[in-house]
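Subject: Structure for you to look at

Hello,

Here is the structure I said I would pass on. Please open it first, then read the notes underneath.

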Amino acid sequence: MPSPPPPDFKTFELYDVEKNYGLYQLVEGLTFLHNDAKILQASLAPEMIVVTKNGQWKIAGLFFSSTPVCD
């Protein structure tokens with residue numbers, strides 16, 4: 001991210017459909033991490049969400065993730 005951010009960023013806003021689809025992508029990502037990869041994401045915060053140039057929302061910062069302990 002350039003410093004200072006471009007002036008266009010101050011007025012930028014996502015459409016409702018983009019927000020809904022982005023949240024859907026996050027839920028799909030968390031579902032994959034939990035069910036398929038068996039990884040628990042312990043620190044999901046807005047700072048951990050990355051929006052790509054294509055508009056895809058990705059989960060980043062898996063620093064505090066862990067694998068569940070099964071007995």
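The notes below go through one helix, a pair of rings in it, and the loop that follows. Keep in mind that this is a predicted model.

The helix

Helix α1 covers residues 16-36. Does its length fit its residue count, or not? At 1.5 Å a residue, its 21 residues should span 30 Å, and the end C-alpha atoms are 29 Å apart, which agrees.

Which residues of α1 are buried? They are Gly22, Gln25, Leu26 and Leu33. Viewed down the helix axis, the buried residues fall within an arc of 100°, so they line one face of α1. The cover over these buried residues includes β1 and β2; β1 is residues 49-51 and β2 is residues 57-59. On the other side of the helix, Asp16, Val17, Asn20 and Asp36 are exposed.

Gln25 is a good one to click on. Its relative accessibility is 15%, and it counts as buried because the limit is under 20%. Leaving aside neighbours within four places in sequence, Gln25 is in contact with Gly55, Gln56 and Trp57.

The ring pair

There is one aromatic pair in the structure. The rings belong to Tyr21 and Tyr24; their centres are 6.1 Å apart and their planes are at 25°, so the pair is stacked. Both residues sit in α1, three residues apart, which means about one helical turn separates them. An α-helix has 3.6 residues a turn, so residues three or four places apart point the same way. Tyr21 is partly exposed at 48% relative accessibility, and Tyr24 is partly exposed at 47%.

The loop after the helix

What is the phi of Lys38, just after α1? It is positive, at about 55°, although Lys38 is not a glycine. Most residues other than glycine have a negative phi. Lys38 is in the loop between α1 and β1 and is partly exposed, with a relative accessible area of 48%.

Gln41 lies in that loop between α1 and β1 too. Is Gln41 buried or exposed? At 17% relative accessibility, Gln41 counts as buried. Not counting residues up to four places away in sequence, Gln41 touches Leu30, Ile59, Ala60, Gly61, Leu62 and Ser65.

Regards

Terms used
Residues are numbered from 1 along each chain as its sequence is written. This is a predicted model: local features need pLDDT of at least 70, side-chain atom pairs count only at pLDDT 80 or more; totals for chains, interfaces and linings use all residues. Side-chain values use heavy atoms; hydrogens and water are left out. Helices (H or I, at least four residues) and strands (E, at least two) are DSSP runs, numbered from the N terminus. Buried means under 20% relative accessible area, exposed over 50%, partly exposed in between (1.4 Å probe, protein chains only). Contact means heavy atoms within 4.5 Å. The expected span of a helix is 1.5 Å times one less than its number of residues. The arc is that of the directions from the helix axis to the C-beta atoms. Rings of Phe, Tyr and Trp (its six-membered ring) pair if their centres lie within 6.5 Å; planes under 30 degrees apart count as stacked, over 60 as edge-to-face and the rest as tilted.
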